[in-house]
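Please consider the chain shown here with attention to how its helices are covered and packed. The report that goes with it is given below.

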Amino acid sequence: MKKTKTQRLILTAMMLAVATAIALICQVIPFLNAAFGGGFTVGSMLPIVIIAYMFGTRWGLFCGLAYSVLQMLMGYSTVSAFFMPSSDSYMVFGHAVLVVLIDYIIAYTLLGTGGIFRNRLKKIPALCLGCVVALSLRYLAHVISGAIFFGTWAEWFFSEMGAFGESILGTFSGASLSVVYSICYNGMYMIPEIIVTTVLAAVIGNLPQIAPCRVE
């Protein structure tokens, strides 16, 4: 399928708008959002993966980077709180910058890897595996950030989880507890997100408009 650079840009802008609209809608639904950031967005990242599949990983990463900026704008109150001394979320400047870098710029830019199986596998497997890889990399970025910068919440988090939490606290401590906490906390919304997005990709991928494109 052939596309001009203008068509690619227009289609990318449309997909970014769709992804942003879904994320905004989910943002105002309380039970979809985690207490300390992050939330289930019902496939909002699929448009980014589709763009990466259609136009390749390089363009997908560019699209993911653009989406990361939109995410920062949507989460402005959360992001700005890291830099405000009067906020409960205030951090040392360097730490705040790293959190924004990992949790936003890197995490969402990595969605552009969703096109790595383009022209290597049939369409549906390529899209589905692309979703798994791209969203898993985003999950990994959040796990790293959470373990390093938010691990202080680990004991409180597991103390609220009854017997399961007590077993975790009795098994892990220090840095390892922070890692387990970050895996569990971010997994609460990222694992369902990966599953739902992959299923949606299998359904929507049947559309003939979704296909690898050559830009001229």
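What follows describes a covered helix, the nonpolar core, a kinked helix and two buried polar residues.

This is a predicted model, in which local features need pLDDT of at least 70 and side-chain atom pairs count only at pLDDT 80 or more, while totals for chains, interfaces and linings use all residues. Residues are numbered from 1 along each chain as its sequence is written, and side-chain values use heavy atoms, with hydrogens and water left out.

Helices and strands are DSSP runs numbered from the N terminus (H or I of at least four residues for helices, E of at least two for strands). Helix H2, residues 46-55, is mostly covered, with 10 of its 10 residues buried; buried here means under 20% relative accessible area, as against over 50% for exposed and partly exposed in between, with a 1.4 Å probe and protein chains only. Its cover includes strand E1 (2-3), helices H1 (5-27), H3 (57-74), H6 (123-149) and H9 (174-204), and strand E2 (214-215). Just after H2, Gly56 takes a positive phi of about 100 degrees.

The largest nonpolar core has 54 residues, and Ile48, Ile50 and Met54 are among those with the most contacts inside it; such a core is a set of buried Ala, Val, Leu, Ile, Met, Phe, Trp, Tyr and Cys residues joined through side-chain atoms within 4.5 Å. The largest share of this core, 10 residues, comes from H6. Leaving aside neighbours within four places in sequence, Ile48 is in contact (heavy atoms within 4.5 Å) with Leu16, Ala19, Gly60, Cys63, Gly64, Tyr67 and Leu111.

Helix H5 has 17 residues and reaches 22 Å from its first C-alpha to its last, close to the 24 Å expected at 1.5 Å a residue, where the expected span is 1.5 Å times one less than the number of residues. A kink of about 30 degrees is centred on Leu101 of H5, the bend being the angle between axes fitted to the seven residues ending there and the seven starting there. The buried residues of H5, including Tyr104 and Tyr108, pack against H3, helix H4 (76-81) and H6.

Two buried polar residues are set out below, with contacts that do not count residues up to four places away in sequence.

| Residue | Helix | Relative accessible area | Contacts |
|---|---|---|---|
| Gln71 | H3 | 11% | Ala23, Tyr104, Tyr108 |
| Ser178 | H9 | 12% | Ala147, Gly151, Ala154 |

Gln71 therefore counts as buried at 11%, and Ser178 likewise counts as buried at 12%.
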